[in-house]
Amino acid sequence: MFARLLQCRTGHAFTGEYYRAINKPERGYACTCGVPLQTRDHLLVGCPDLEQHRAPLYAFAPQLVVADLLGTKEGLQATVKFLKASGAFLKPTGEEAAPVDV
Ligand SMILES: [Zn+2]
């Protein structure tokens, strides 16, 4: 969960936005909902496919301000609940990302 939260905060995540940034078009840029470019903010606060899991986010920040969700302790706690419930930012296989060797 820590890795996914960190990926979400930094943007180094399994998203179309990141694949575009690292020039990996074969991985696809579009979201499962049909939006042509899947971004971090889209997954967190905009994707209709994940709406059913956003209750913890709305409880903390009814306006779903990304800076509040990812920039405050309470926002991060709400975001973790959303990540757990939704599976957002998982590797497309549905598995957790492997830890990176340091
Ligand atoms: Zn979407």
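Reader: Quick one to start: in which helix is Leu-6 found?
Author: Leu-6 sits in helix α1. Helices here are DSSP runs of H or I with at least four residues, strands are E runs of at least two, and both are numbered from the N terminus. This is a predicted model, where local features need pLDDT of at least 70, side-chain atom pairs count only at pLDDT 80 or more, and totals for chains, interfaces and linings use all residues. Residues are numbered from 1 along each chain as its sequence is written, and side-chain values use heavy atoms, with hydrogens and water left out.

Reader: Ok, and is Leu-6 buried or partly exposed?
Author: Leu-6 counts as partly exposed because its relative accessibility is 42%. The cut-offs are under 20% relative accessible area for buried, over 50% for exposed and partly exposed in between, using a 1.4 Å probe and protein chains only.

Reader: How far apart are Leu-6 and Leu-70?
Author: C-alpha to C-alpha, 9.7 Å in space, with their positions 64 residues apart in sequence.

Reader: Switching to the metal. Which residues coordinate the zinc ion?
Author: Cys-31, Cys-33 and Cys-47 through SG, plus His-42 through NE2, at 2.1 to 2.3 Å. A donor is an N, O or S atom within 2.8 Å of the metal (3.2 Å for Na, K and Ca), and water is not among the atoms, so sites may look incomplete.

Reader: What's the geometry of the zinc site?
Author: Tetrahedral, with angles of 101 to 115° among the 4 donor atoms. For four donors, tetrahedral requires all angles between 85 and 135 degrees; square planar (four) and octahedral (six) need opposite donors over 155 degrees apart and all others between 65 and 115, and anything else is irregular.

Reader: And how are the donor residues spaced in sequence?
Author: The pattern is C-x1-C-x8-H-x4-C. Cys-31 and His-42 link distant parts of the chain: Cys-31 is in the loop between α2 (16-21) and α3 (40-46), while His-42 is in helix α3, 11 residues apart. Cys-31 is buried because its relative accessibility is 7%, and His-42 is buried too, at 12%.

Reader: What about the core, which residues touch the most other members?
Author: Leu-44, Leu-57, Phe-82 and Phe-89, out of 21 residues in the largest nonpolar core. A nonpolar core means buried Ala, Val, Leu, Ile, Met, Phe, Trp, Tyr and Cys residues joined through side-chain atoms within 4.5 Å. Elements giving two or more residues to this core are α1, α3, α5 (66-71) and α6 (73-86). The top contributor is α6, with 5 residues.

Reader: What is Leu-44 in contact with?
Author: Ignoring neighbours within four places in sequence, Leu-44 contacts Cys-8, Arg-54, Leu-57, Val-66, Leu-69, Leu-70, Thr-79 and Phe-82. Contact means heavy atoms within 4.5 Å.

Reader: Arg-54 caught my eye. Which residue does Arg-54 meet in a salt bridge?
Author: Glu-51, at 2.6 Å from N to O. The term covers a side-chain nitrogen of Lys or Arg within 4 Å of a carboxyl oxygen of Asp or Glu. Arg-54 counts as buried because its relative accessibility is 0%, whereas Glu-51 is partly exposed at 35%.

Reader: How many salt bridges does the structure hold?
Author: There are 2. Asp-41 pairs with Arg-40, with the closest N and O atoms 2.6 Å apart. Asp-41 is partly exposed at 34% relative accessibility, and Arg-40 is buried at 19%.

Reader: Any backbone oddities? What's phi for Phe-89?
Author: Near 75°, a positive value in a residue other than glycine. Most residues other than glycine have a negative phi. Phe-89 lies in the segment after α6 and is buried at 3% relative accessibility. Leu-64 also has a positive phi, near 55°, and its place is the loop between α4 and α5.

Reader: Last thing, confidence. What's the mean pLDDT of the protein chain?
Author: The mean is 90, and 90% of the residues reach 70 or more. That score is the predictor's confidence in each residue, from 0 to 100.

Reader: Where is the pLDDT below 50?
Author: Over residues 98-102, a stretch with 0 contacts in the model beyond near neighbours in sequence. Where pLDDT is low, the predicted coordinates should not be read in detail.
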